[in-house]
Amino acid sequence: MPCALCGDIIPTEVARCPACGAWARRRDFRAVGVAVFMLLGFNAFIALGSGISLLRMAHPLRGETHDTYDPDATGRALAPYTDVFLICAIMAAVTGLLYLGWLWRAYGQSPGPHRHHRAWVVFGWLCPIVNLWLPPRLVYEIWVNSGRYRTAERQAAALVVAGWWASVLLGLLLARVFAAGSVETLAEARFDVHMGVAAAAFQALAAAMCMATVFQITRLQVGRNP
């Protein structure tokens, strides 16, 4: 296939152009990275909008009393947000499929060394228990292996990846708590709304931090010198 930079023919068995050293299909990889970045931004926007909308519901509940509180009306008002979180989960799944394709390419293009086989890029998200700790480890290794980092820079990358993964887990957990919550009493309704706001905030934060990792890894690999 022709090189995207110099036009020379790149043999299929090599990953870089023999003439200029550019990564094979680097423009395709950049396009996938941009697509993942934009989808993550859309996910963050939807989650943030849901959180702000739920915050507006929390304000009227502060002025309610046990005598004036109507659980039926509150339940009807909160019901659409359960659907919103379901839609967010579906969008995250679609984004995740494209993200896995991007991560697979990024793993193959990172120099290494890698502690885990490339197959774990996919299976690490599917295996129970393992999927609680392996995905962020793989992302961190790909990130730091794609560039030359000092110790402090490696620690900063580790903090971003750890913050992203913690936000993912908390966002999923709190969304489940919100969906299973009750509004029979005023206290339960207030708690449920707060859980929904927290879930939306963590989901938006997770998407934003994932955008940072996608941007940095894509930038490093596309601009990498031979």
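Here are four short exercises on the predicted model shown above.

**Exercise 1. The salt bridges**

Find how many salt bridges the whole structure holds, and work out which residues are linked in a network.

*Solution.* Let's begin with the total: a search of the whole structure gives 3 salt bridges. Next, take them in turn. Arginine 115 pairs with glutamate 141, with 3.9 Å between the closest N and O atoms. Glutamate 141 also meets arginine 137, again with an N to O distance of 3.9 Å. Then there is the pair of arginine 150 and glutamate 153, whose closest N and O atoms are 3.8 Å apart. Glutamate 141 takes part in a bridge with arginine 115 and in one with arginine 137; Arg115, Arg137 and Glu141 are thus the linked network.

**Exercise 2. Sequence separation and exposure**

For the residues in these bridges, decide what each pair connects and which residues are buried, partly exposed or exposed.

*Solution.* Start with the longer-range contact. Arginine 115 sits in the loop between α2 and α3 while glutamate 141 belongs to helix α4, so their bridge ties together parts 26 residues apart in sequence. Now compare the other partner: arginine 137 and glutamate 141 are both in helix α4, 4 residues apart, which means about one helical turn between them.

Finally, sort by relative accessible area, with buried meaning under 20% and exposed over 50%:

- Glutamate 141, at 8%, is buried.
- Arginine 137, at 33%, is partly exposed.
- Glutamate 153, at 34%, is partly exposed.
- Arginine 150, at 61%, is exposed.
- Arginine 115, at 62%, is exposed.

**Exercise 3. The largest nonpolar core**

Identify the residues that touch the most other members of the largest nonpolar core, and name the element that gives the most to this core.

*Solution.* First, the core has 24 residues, and those touching the most other members are Tyr99, Trp102, Leu103, Val139, Trp164, Val214 and Ile217. Second, the elements that supply two or more residues are α1 (26-62), α2, α4 (134-145), α5 (151-179) and α6 (186-222). Third, pick the top contributor: α6, with 7 residues. As a general background, nonpolar side chains tend to be buried together in soluble globular proteins.

**Exercise 4. Two surface details**

Locate the negative surface patch and describe the setting of isoleucine 129.

*Solution.* Asp70, Asp72, Glu184 and Glu188 make up the negative patch. Of these, aspartate 72 lies in helix α2 (residues 71-109) and is exposed, at 53% relative accessibility. Turning to isoleucine 129, look in the loop between α3 (120-126) and α4. Although isoleucine 129 is not a glycine, its phi is positive, about 70°. Its relative accessibility of 62% makes isoleucine 129 exposed.

Key:
Residues numbered from 1 in each chain as written. Predicted model: local features only at pLDDT ≥ 70, side-chain atom pairs only at ≥ 80, totals over all residues. Heavy atoms only, no water. Patch = residues over 30% accessible without salt bridge, like charges linked within 9 Å, V, L, I, M, F, W, Y side chains within 5 Å. Areas by Shrake-Rupley, 256 points an atom, 1.4 Å probe, with all protein chains shown as cover. Salt bridge = Lys/Arg side-chain N within 4 Å of Asp/Glu carboxyl O. Lys, Arg positive; Asp, Glu negative; His and termini not counted. Charge placed at Lys NZ, Arg CZ, Asp CG, Glu CD. Buried < 20%, exposed > 50% of the residue type's maximum accessible area, 1.4 Å probe, protein only. Core = buried A, V, L, I, M, F, W, Y, C linked by side-chain atoms within 4.5 Å.
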